[in-house]
Amino acid sequence: MIAENTFQGPPVAEGSRRVGALFEPFSPSYADNPALAFYQAAHREAPVAYSEAFSAYLVVGHAEVTQVLREPVGFSSAHILDLPPDLPPEVIAELQRGIYQMPPALFNNDPPGHTRARALFSKAFTTARLASLEPTIALAAEALVRAMDPGGDPVDLMQALAFPLPLQIIAALVGIPLEDAPLLRACQDERFKLYEPALDTARKVEAARRFVAYERYLANLIERRRAEPADDLITALIGARVDGEAPLSVEEMISHIIILFFAGYETVASLIGSLVLRLLEAPALWDAIGSDAALLQAAMEETLRIDAPVQMEPRRATAPAVVGGVEIPSGATAFAFFGAANHDPAVFPDPQRFDVNRHVAGPRARHLGFGWGVHTCIGAALARIEVRCAVQALRAAFPGLRLAAARPSYAPSLFFRKPTAMPVTLGAA
Ligand code: HEM
């Protein structure tokens, strides 16, 4: 996902490099607890560290991450979804049958293009549209929970509820028939295969073919909605207009939809999983949220802080900058760690403690679980509704729910924090 770094290596302080070497996102201990593995040392010694392994500045402190996010042009997102520069020609030829590089949408765009795209997208992705989805979300969550079999204990909550719910909701939102959603999602995942250096060319060609088929499916769907409008996001994107701006092109709409699947599926699943885990680790909380919606909301915010599903996103410096006293040269890659900023002890005292009171009383310190600045998550309200409906349905059906494994594991990842599985026993229904 990160385009080629144009920058060759800086004079960085030794301490910064030493702390940066602790950033080992694919090691099991890091996946288990990135705060213990890296964030704590970085907050103590180098809120802007440097990783030789990733040739990137690791921006960790809350003030420092916010500074980077406040400057979306100086720290650009434009290349965030670019294809790797060294793809074999056969793979490029296959991709060129569709849209070769994804056109800028939201996530992979900088102002002023981002400002236009976000204004147009917001015309379709309205509060009213999201609110109208709430009954659908509640029904879908209840149906998934009803389908869990207490005789089949233990149940993997990720597969039974956390993944299927956001998939169904994105399909309903966009206007994709539910039966097509799992296959489309699988085709979309094929794109990530193009970034795997070890994968052979034949497999990459196949991945490109399936991804292009998915783009064609979306292009056909857009043309169908042009002829026969429906009450869905595709129809709304087709009609979205902002004074003085060109409407979205078909390629831009496809890019928006692909990014929605990418941004709003595993993230929601991760938050459902991590939140249920935190609640079950404190059974009194699990009991109390049954009748206390505000408490559930506070627990959700605390989970977004402590287990941010998106731990980090990369940026590219387009001009020299000084962040946390460290000089970042033009062309360098900077990783903005939302997850680490959320563990900054200067902003969140005793950051490893799961404390719902941080969000129910007093002046609210801002967690960066949904990002910050112009790229702040546009789906935050939708995510909060989905997660609330999922947990409420689960709590209502299975008040005796308990963890079946001591501590479910988290998947090693450069960007995300996602439970791999969440085995639970349902208890008496
Ligand atoms: C718990 C669930 C979610 C989390 C933790 C999350 C987190 C984030 C974060 C951290 C960003 C900022 C990325 C950056 O600055 O580079 C972001 C952006 C975005 N999110 Fe979410 N997200 C969630 C759910 C969703 C949902 C449900 C949708 C839509 C269906 C969505 C759509 C987007 C989009 C389109 C952007 C890019 C916005 C822009 O660049 O203007 N997200 N999200």
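This report walks through a predicted model, starting with its sheet and moving on to the ligand shell, a helix pair and a few backbone details.

**The sheet**

Let us begin with the five-stranded sheet. It is open, its pairing is mixed, and its strands come in the order β1-β2-β8-β5-β3. β1 and β3 (75-76) are the edge strands; each has a single partner strand, so one side of each is left without a neighbour in the sheet. As background, strands of a sheet pair through backbone hydrogen bonds, either parallel or antiparallel.

The table lists the pairings along the sheet, with one pair of facing residues for each.

| Strand pair | Sense | Bridges | Residues standing opposite each other |
|---|---|---|---|
| β1 and β2 | antiparallel | four bridges | Tyrosine 50 and tyrosine 57 in β2 |
| β2 and β8 | parallel | four bridges | Leucine 58 and phenylalanine 335 in β8 |
| β5 and β8 | antiparallel | four bridges | Arginine 316 and threonine 333 in β8 |
| β3 and β5 | antiparallel | two bridges | Phenylalanine 75 and alanine 317 in β5 |

Threonine 333 is worth a second look if you have the structure open. In β8, this residue stands opposite arginine 316, and threonine 333 is also the bridge partner of alanine 56. These contacts link β8 to its two partners: β8 pairs with β2 (residues 56-59) in the parallel sense and with β5 (residues 313-317) in the antiparallel sense.

Which residues cover the two faces of β8? Thr333 and Phe335 lie on one side of the strand (residues 333-336), Ala334 and Ala336 lie on the other, and all four are buried. The side chains of β2 are arranged in a like manner: Ala56 and Leu58 point one way, Tyr57 and Val59 point the other way, and all are buried. Such a pattern fits a general rule, as in a regular strand the side chains alternate between the two faces of the sheet.

**The hairpin of β1 and β2**

β1 (48-51) is connected to β2 by a loop that holds serine 55. The two strands form a hairpin with four residues between them, and in this hairpin serine 55 takes a positive phi near 45°. Serine 55 is not a glycine, yet its phi is positive. Is serine 55 buried, exposed or partly exposed? Serine 55 is partly exposed, because 15 other C-beta atoms lie within 10 Å.

**Two other loops**

Aspartate 350 is another residue other than glycine with a positive phi, here near 50°. You will find aspartate 350 in the loop between α17 (338-341) and α18. Aspartate 350 counts as exposed because it has 8 other C-beta atoms within 10 Å.

A further loop, between α5 (89-95) and α6 (113-124), contains proline 112. The peptide bond joining proline 111 and proline 112 is cis, with omega at about 5°.

**The ligand shell**

Now to the ligand. How many residues surround the ligand? There are 25, and the closest are Gly264, Thr267, Gly371, Cys377 and Gly379. Three helices, α13 (250-263), α14 (266-281) and α18 (380-397), each supply at least two residues of this shell. Sorted by class, the shell has 16 nonpolar residues, seven polar ones and two charged ones.

**Helices α10 and α11**

Finally, consider a helix pair. In general, two packed helices are described by the angle between their axes and the distance between the axes. For α10 and α11 (residues 201-227), the axes come within 8 Å and cross at roughly 135°. That angle makes α10 oblique to α11. The crossing in which α10 passes α11 is left-handed.

Helix α10 (residues 181-193) is also home to aspartate 189. With 15 other C-beta atoms within 10 Å, aspartate 189 is partly exposed. How many residues separate aspartate 189 from phenylalanine 261 along the chain? The two are 72 residues apart along the chain, while their C-alpha atoms are separated by 9.8 Å.

Terms used
Residues numbered from 1 in each chain as written. Predicted model: local features only at pLDDT ≥ 70, side-chain atom pairs only at ≥ 80, totals over all residues. Buried ≥ 20, exposed ≤ 12 C-beta atoms within 10 Å, placed from the backbone. Pairing = 2+ DSSP bridges. Near = placed C-beta within 6 Å. Nonpolar A, V, L, I, M, F, W, Y, C, P; charged D, E, K, R; others polar. Axes fitted to C-alpha atoms, helices over the stretch in contact; angles between N-to-C directions. Parallel < 35°, antiparallel > 145°, perpendicular 65-115°, else oblique. Left-handed = near helix turned anticlockwise from the far one by under 90°.
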